[in-house]
Amino acid sequence: MKKRWIALFLAAMTVSLAACGNSGGSAAKSGAPAASGTVDSSAAEGGSSGAVQASADPSDWPVIRAEVSAFTDTLEQKDAVQDALNQYLVSINAGVQCEMVPLAFGDRSTQLTLMLTDADNPIDLFGWRFYSSVSDLVKNGQIISLEKYRDVYPDLWKLYPETVYKTCQINGEQYSMPGADSFGNYQVYALRKDLAKEIGVDNLAGTKITREQYEDILAKAEAAHPEMAWEGETMVWPYMNVDNLGDTNALGVLPDMGVDQDKIINYYSSDEFKDYVEMCKGWADKGYIIDDPLNTQRIGTTLVTNNQIGGYMFEAYNIEYAESLMQAQIPDYEMDIFQLTDPHCTNSCVYTGWNISSICKNPDAAMKLLSLMMTDENVSRFFTLGVKGLTYVVDDKGIARYPEGKDANTDGWNLGAPWFYPNQCLSIPFNTDYTGYYTDMKACWTDPNMKYSKAMGFIFDTTPVYDQYTACTAIVAEYRDALMLGQVDVDEYLAKFNDELNKAGIDQVIAEMQKQYDAFLQENGK
Amino acid sequence: MAGKGRGFQVFSNVILTILCFCTVMPFVLLVSSSLTSDATIAVYGYSFFPRQIDTTAYRYLFLSGSKILKAYGMTFLVTGIGTTLNICCTMAMGYLLSKKDLPGRAFLSFFIFFTMLFNGGMIPSYIVWSQLIKVSDTIAGLIFPNLMLSAFNVILMRTYFTTNIPNELCEAAEMDSDTQVGILFHISIPLSKPMLATLTLFSALAYWNDWINGLYYLVRKKDLYTIQNVLNSMQNNIQFLRDFSSASSLGGFAGSIPTLSVRMAIAVISIVPILAIYPFFQQYFVRGIVIGGVKG
């Protein structure tokens, strides 16, 4: 009797657990939008032509999941924007439908990693910016080659300078489509206009200034307002005049922004780096850098708004762009812009690329949607701006604005990240007075004065020196910020930093990097 | 002897006071920060007593934060359902395992204990829950993975049943023709209140504070987020901004993130219910854990 009851208990527990699982499943089915469409197994195996044949009934079209940028956990207008996009896709007989998947930047890394393993609910189209790099995605088998689509969508390979496409190629194969940007930047310093006037440097605004003039501005500003600091964020690479080869760890770099450079050097052991960190230390001692920067949220816009700093450095492709950025980001103050360096283009200037995941069930349809995002301004604007009249309005200058009574927190769509998508230049400027925002950006692509690094397209494969590389990156994380923000004694810490890097094997990393770079130069006839 | 005892008393009181201070002060700082304006924090830093009380953050939450209130409601719902399920399963499993004549008892006990030492890791677990059991984008995703059954709780429950319910009582009930279910409900459960209260608190705390399940399993249904998910997402976004602060295009997003005092206020309101119920559970909690621990 007792055993029978116990057996019954066991059975009941098993059934209840199984029922729990099933109820979850059915809820998932009823709550989730349509799954990822028709499975084209031939396409997945590489047997298709790559083109999409649209069937007569749009409900049969494959649904491609594309990620959407967000800075909050929900985008309230997602369904409305998605419906409008899909209606438009039907109107042009695209043969593909889209499910938009908003991922908040902070959660994105974890969620994208999981979604890239989920063959039942795959993410089909996504960008690598702030997540990974083309080489790592290929190494992990997370994305597919787009080479077979070169003949189907040849125009996609003619949008940008050829060298830009190379940055998203591995062994000559295109794995990712670069996202439109200026592809070349210089360093600027933004200083509050009222303070610039007060210390008498407003006449230099909008011009290129020397390092001495820059330091003079900082000294005058500090003398007038010792309660404030003048540098908020981490120092940015272009001011160091090196090409870090697309790796912010910068274990090996090309001097002179990589222009006509063949030899990779250990920047951290160079006199230039020592000069740089000594300058930073000097600035910190003089009060130019915020207090306790290693434990402070170093976001220039917030620090300026809170009156903690009067100015900071960032990258821009021209003065007007920098001004418009400031206008949108720091509405409380007008800012003067000073150009610090010359424009250059390195691997790091290609900020994003869009990929088709390797678990995508219909890569042909995904490529079709990607091509529309890159070439059709209506499709592009659904992603960058949402629905006209609902999430944005256009003023008489042709600038997109929030609708009446809406702001970043209440709009329900993320209008502030057009750069996240494959071709922001198809959008219209948002929340700025700078009408040439995108036309001037596109003009950079054909600017004869733009200097390109010789290493454009070079991607270092860390596999042969993985252990040394990993050890070195941990050391960089431990020492570099403290040095670059002037928080430690330069002689003592720089020596320790280099000593540990040497012990970890930085020379082997650089030797391997040089070997691969030489092969790259030879392959590309440079 | 009496002097020695008093010395020990004083010593332990001092130590416990210091530990208590260390535990309470972060909460004081949290509440104080939630009542301080961002500008004051930026200029003067954090302080244990607000220089000037500013309730803007709370007003923001209660007037414009329908999302916050919804998330708060989700937390209550998930905690309620999850804790009930957890206690039912834990109790049933603990009771079964306490029966010495259960077929395969040793194997089942080892099987459960094994999960305390090893697990499949993030991605395999995700694949099982999302592809096999299909909890993604449903409230089930917040309830079933990780939290619905804890091996530790099952072992505590089993040990309690084995060591605190006199076998003679169960045998007497059997002789009176009571069923196993009857014995469980008429004898074992009434005698296990301290342990049940302890496990209820453990489980409720785990559900209340969980943000992992939402992050993993609610990728496309974020309107089901709990308060901890909302807070965690904000925190992740801030960390992201900090990590990529040199990307000039990101500067504009600082305005999209709730201010520091709002984040602190969310943290305060998220811990208030737990603080409120804790004293009521404490007497059972202490008894239950002592009995379960000593006799286990």
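This passage describes the domain layout, one enclosed strand, one helix pair and two unusual backbone positions in a predicted model.

A good place to start is the overall division of the chain. Chain A is split into domain 1 (41–179 + 351–383), domain 2 (186–349) and domain 3 (463–523). Domain 1 of chain A is thus built from two stretches of sequence, 41–179 and 351–383. Taken over C-alpha atoms, the centres of domain 1 of chain A and domain 2 of chain A are 35 Å apart.

Strand 10 of chain A, spanning residues 311–316, deserves a closer look. Six of its six residues are buried, so strand 10 of chain A is largely enclosed by the rest of the structure. In a regular strand, side chains alternate between the two faces of the sheet. Here both faces are covered: one side carries A:Gly311, A:Met313 and A:Glu315, the other A:Tyr312, A:Phe314 and A:Ala316, and all of these residues are buried. Strand 10 of chain A pairs with strand 7 (residues 186–192) of chain A in the antiparallel sense, over six bridges. Within this pairing, A:Ala316 of strand 10 of chain A has A:Tyr186 standing opposite.

Turning to the helices, helix 3 (residues 78–91) of chain A and helix 13 (residues 377–384) of chain A have axes that come within 10 Å and cross at roughly 175°. Angles over 145 degrees count as roughly antiparallel, and helix 3 of chain A and helix 13 of chain A are therefore roughly antiparallel to each other. Helix 3 of chain A contributes A:Val81, A:Ala84, A:Leu85 and A:Tyr88 to the contact, while helix 13 of chain A contributes A:Asn378, A:Val379 and A:Phe382. By class, the contact between helix 3 of chain A and helix 13 of chain A comprises six nonpolar residues, one polar residue and no charged residues.

Two backbone positions round off the picture. Most residues other than glycine have a negative phi. A:Asn171 is not a glycine, yet has a positive phi of about 50°. This asparagine, A:Asn171, sits in the loop between strand 4 (169–170) and strand 5 (173–174) of chain A. A:Asn171 counts as exposed because it has 10 C-beta neighbours inside 10 Å, the cut-off for exposed being 12 or fewer. A:Asp292, also not a glycine, has a positive phi of about 45°. The loop that holds A:Asp292 runs between helix 9 (271–286) and helix 10 (300–305) of chain A. With 10 C-beta neighbours inside 10 Å, A:Asp292 counts as exposed.

Methods:
Residues numbered from 1 in each chain as written. Chains lettered and ligands numbered in written order. Predicted model: local features only at pLDDT ≥ 70, side-chain atom pairs only at ≥ 80, totals over all residues. Domains from an automatic or database assignment. Buried ≥ 20, exposed ≤ 12 C-beta atoms within 10 Å, placed from the backbone. Helix = DSSP H or I, 4+ residues; strand = E, 2+ residues; numbered from the N terminus. Pairing = 2+ DSSP bridges. Axes fitted to C-alpha atoms, helices over the stretch in contact; angles between N-to-C directions. Parallel < 35°, antiparallel > 145°, perpendicular 65-115°, else oblique. Contact = placed C-beta atoms within 7 Å. Nonpolar A, V, L, I, M, F, W, Y, C, P; charged D, E, K, R; others polar.
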